[in-house]
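Biologist: I'd like to go through the charged pairs in this protein. Can you show me the model and walk me through your labels?

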Amino acid sequence: MPTLKVNVLKSETVFVANVVESLEDHQDGGAERLKNRGENEVFADDPSTPLFNADSDFNGDVDDDNHVTTLIEYFLFFVCGLGSSLCYISTLSSLVYFKVLYGANSYVYLSLIIYLPFLPISVIQAVWDQHYDKIYQSRRAFLFRGLVGFSLSLLGTIFIEISRNSGLASLCGDALLQGFGGAILYGTLNQMATFTGRGNGQRLKAIILAGVQSSALVVLGVGLTSGFKSHNGERFSRFILSIVAIETVCFVAFLWLLGAPSVAASMVRRDSSLRQLDQLLDIKQGDSNVKEVHLLIDDEPSNDQVAQLQVTELSLRELLKYSKACCWILMITLIPSFLVGSWFTRVLTNWISLAQILFYVRIFSDFTGRLMTIVVPSKSTASLAWIATLRLVPVVLFFLNSRYPHSLSHDYADGFSILLVGIIAFLSGYLVTGCFQLAPQSMPWEFRPTNLSKQASVLTVAFSFAAVGGLVSSLILIAFDL
């Protein structure tokens, strides 16, 4: 694994490193100039385009032109997060309608079909995205992913309206397009948050994940205003067309976001870092006289000591090693979450609308839990692990209550199910967002600048494994009639 050592030295003034000029000199014979001068290091000459900017890469979201992430940009991230899940949530929220058409198990099948693409897409993003970002530059690459993601989501939603009465297989095929679109957008936005927001994008991650969950509230509002009834299709076409219109607005917001000052500057800075990293590694491999790069910054965590910054692109195995605690917490949290979420249409009750109420209680509680991470941030993975373990208690109680409601009167049993789903979902939202926020801290400081976006993809892979695992577990329970 190639590694380039970069000395980060304490300085009285901010000195932003730029090695573009040095690299050009190297290609044009500058290496010989360095040799003649008797120097074994490449020093930054021009601070105009930073490889690592002390004010932005390490401390916050200030871009090269002293712009900061504005409230409008936070709002755009929220809207884009909403758009990443709006289409497939509109399908899942119609669970009572599709239960009437295709039976109680249809919701489990739809959930599995929608979340199944998250697994291969997250793996592909973890392995290949950064590679193609280097080739085509971040802005082009992220624009392409956004176009593909929103297009698949819109096409799947339109096809559902066209073929909703053509059978469960046709419905699942359309939902699969929504799943692929949502998976691409989910991973893309989480990657953008890592190199755009302050503090490794912790606040942006919470905002994006809150947007993902809040799409259900938008779907609820659309259902009420369009007159769509949960148990029949009288206004289903109007409902779907409204969803398509809102998703189009979210796509416009995504295009706006790519041109926002802090996002555009962060992408330019990231491209510069990735490009210069490759060039520096080439220099090191090809010229033994070029040993290291000295970067002077005024705010690094070792106070007066010299820190060694390893400019290294870690392998997926190494990233998993540093992220394994958060990945395990995601597994413990999300497998029960998806298992509970897929079970709403199978709860024994006389209340036909209970399943849809449980769906929205889950979404609202999850949304609230994600926002809570902004008010009360997670402190450590150890505390998250304890919460995730204790959370298994209400999960067990939910299944016992859904299977044996006669232990309480049906009125109390339904209310108890609603309460348990609220608790489970609130803790789920808090734990998942906390994992995405704390994961960068588990990686040594010196590896963060070049590996944060890949780590976000690794966490998305864990999220996808857990989602599919929970839904497959639900199918197993159905198969054994448990």
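Modeller: Sure. Keep in mind that this is a predicted model. Let's begin with burial: at 9% relative accessibility, D129 is under the 20% cut-off, so D129 counts as buried.

Biologist: And what makes R145 buried or exposed?

Modeller: R145 has 9% relative accessibility, which is under 20%, so R145 counts as buried.

Biologist: Why is the contact between D129 and R145 called a salt bridge?

Modeller: The N to O distance between their side chains is 3.6 Å. The cut-off is within 4 Å, so the pair qualifies. D129 sits in helix α6 (residues 118-136) and R145 in helix α7 (residues 138-163), 16 residues apart, so the pair links distant parts of the chain.

Biologist: How do you know that D133 forms a salt bridge with R145 too?

Modeller: Their closest N and O atoms are 2.6 Å apart, and within 4 Å is what the term asks for, so the name fits. D133 lies in helix α6 and R145 in helix α7, so this pair ties together parts that are twelve residues apart in sequence. Both D133 and R145 are buried.

Biologist: Which residues make up the network of salt bridges?

Modeller: D129, D133, R145 and R270 are linked in it. The structure holds five salt bridges.

Biologist: What makes D366 and R370 a salt bridge?

Modeller: Their side chains meet at 2.4 Å, N to O, so the 4 Å limit is satisfied. They are four residues apart in helix α13 (residues 354-375), which means a separation of about one helical turn. D366 and R370 are both buried.

Methods:
Residues are numbered from 1 along each chain as its sequence is written. This is a predicted model: local features need pLDDT of at least 70, side-chain atom pairs count only at pLDDT 80 or more; totals for chains, interfaces and linings use all residues. Side-chain values use heavy atoms; hydrogens and water are left out. Helices (H or I, at least four residues) and strands (E, at least two) are DSSP runs, numbered from the N terminus. Buried means under 20% relative accessible area, exposed over 50%, partly exposed in between (1.4 Å probe, protein chains only).
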